[in-house]
Amino acid sequence: LTSETEDFRHMCRTQVDKQDVVVELGCSYAKATKILCEQAGDSHVVGVDLGLDALAQCAQVCGARFEHVDLVSCSPEETSLRLAELRSLLPSPSVPDEPSGKRQGRFLVFVDIGGDRMASALICVIP
């Protein structure tokens, strides 16, 4: 959890590996999504936003998949279903081929929603 954009982007650079799959909630114009793609690979990232204008420009930034989905104004049950649908768009996290000491891939959700949201609305999107 961070209130600073640069700190969020730093987390994108340092907390994601090639074997992970990522959903970014609130991708806006895909600046952080691009970093997530550099870390995990384009096919392992889905960006989600409410802004249709922003989403229309995202494909020019990186090769992630982008979806127009509202996760903030729905019930916790609907949020869980929608997150499951988004996860189904991604490959399974990678498992190392050999016991090399590398960890298994993870399903990660990055919540990149501006500070003008009520905390109660954001709590429901955290899996």
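In which helix is threonine 33 found? In this predicted model, threonine 33 belongs to helix H2, and the surroundings of that residue are best described after the overall arrangement of the chain and of the strands.

The secondary structure of the protein chain consists of five helices and four strands, and these elements follow one another from the N terminus in the order α-β-α-β-α-β-α-β-α. Of the 127 residues in the protein chain, 38% count as buried. Among contacts with a separation of 6 or more, 55% are accounted for by residues 24 or more positions apart. The protein chain exposes about 7,500 Å², and carbon and sulfur atoms supply 50% of that area.

Strand E1, which comprises residues 21-25, is mostly covered, five of its five residues being buried. The side to which each residue points divides the strand into two sets: Val21, Val23 and Leu25 point one way, whereas Val22 and Glu24 point the other way, and all are buried. E1 is paired with strand E4 (residues 107-111), to which it is joined by five bridges, the two strands running parallel; within this pairing, valine 23 stands opposite valine 109 of E4. E1 also pairs in the parallel sense with strand E2 (residues 45-49), here over four bridges, and in E2 the bridge partner of glutamate 24 is glycine 47. Between E1 and E2 the chain crosses through helix H2 (residues 31-40), and this β-α-β crossover is right-handed.

Threonine 33 lies in the helix of that crossover, H2. Because its relative accessibility is 0%, and buried means under 20% relative accessible area, threonine 33 counts as buried. When neighbours within four places in sequence are left aside, threonine 33 is in contact with Glu24, Cys27, Val45, Cys62, Ala64 and Phe66. One of these contacts, Glu24, is a buried residue of E1 and has glycine 47 as its bridge partner in E2.

Helix H4 (residues 76-88) was examined for its length and for the distribution of its buried residues. At 1.5 Å a residue, the 13 residues of H4 should span 18 Å, and the C-alpha atoms at its ends are 18 Å apart, which agrees. Thr79, Leu83 and Leu86 are buried in this helix, and, seen down the axis of H4, the buried residues fall within an arc of 60°, so they line one face of the helix. This arrangement can be related to a general property of such helices: an α-helix has 3.6 residues a turn, so residues three or four places apart point the same way. The buried residues of H4 pack against E1, E2 and strand E3 (65-68), while on the other side of H4 the residues Glu77, Leu81, Glu85 and Ser88 are exposed.

Strand E3 also contains histidine 68. Because its relative accessible area is 44%, between the limits of 20% for buried and 50% for exposed, histidine 68 is partly exposed. Not counting residues up to four places away in sequence, histidine 68 touches Asp49, Leu50, Leu52 and Leu55. The C-alpha atom of histidine 68 is separated by 8.7 Å from that of glycine 47, a residue 21 residues apart from it along the chain; in E2, glycine 47 is the bridge partner of glutamate 24.

Definitions and conventions
Residues numbered from 1 in each chain as written. Predicted model: local features only at pLDDT ≥ 70, side-chain atom pairs only at ≥ 80, totals over all residues. Heavy atoms only, no water. Buried < 20%, exposed > 50% of the residue type's maximum accessible area, 1.4 Å probe, protein only. Pairing = 2+ DSSP bridges. Right-handed = clockwise from strand over helix to strand, strands pointing away. Contact = heavy atoms within 4.5 Å. Expected span 1.5 Å × (residues − 1). Arc of directions from axis to C-beta. Areas by Shrake-Rupley, 256 points an atom, 1.4 Å probe, with all protein chains shown as cover.
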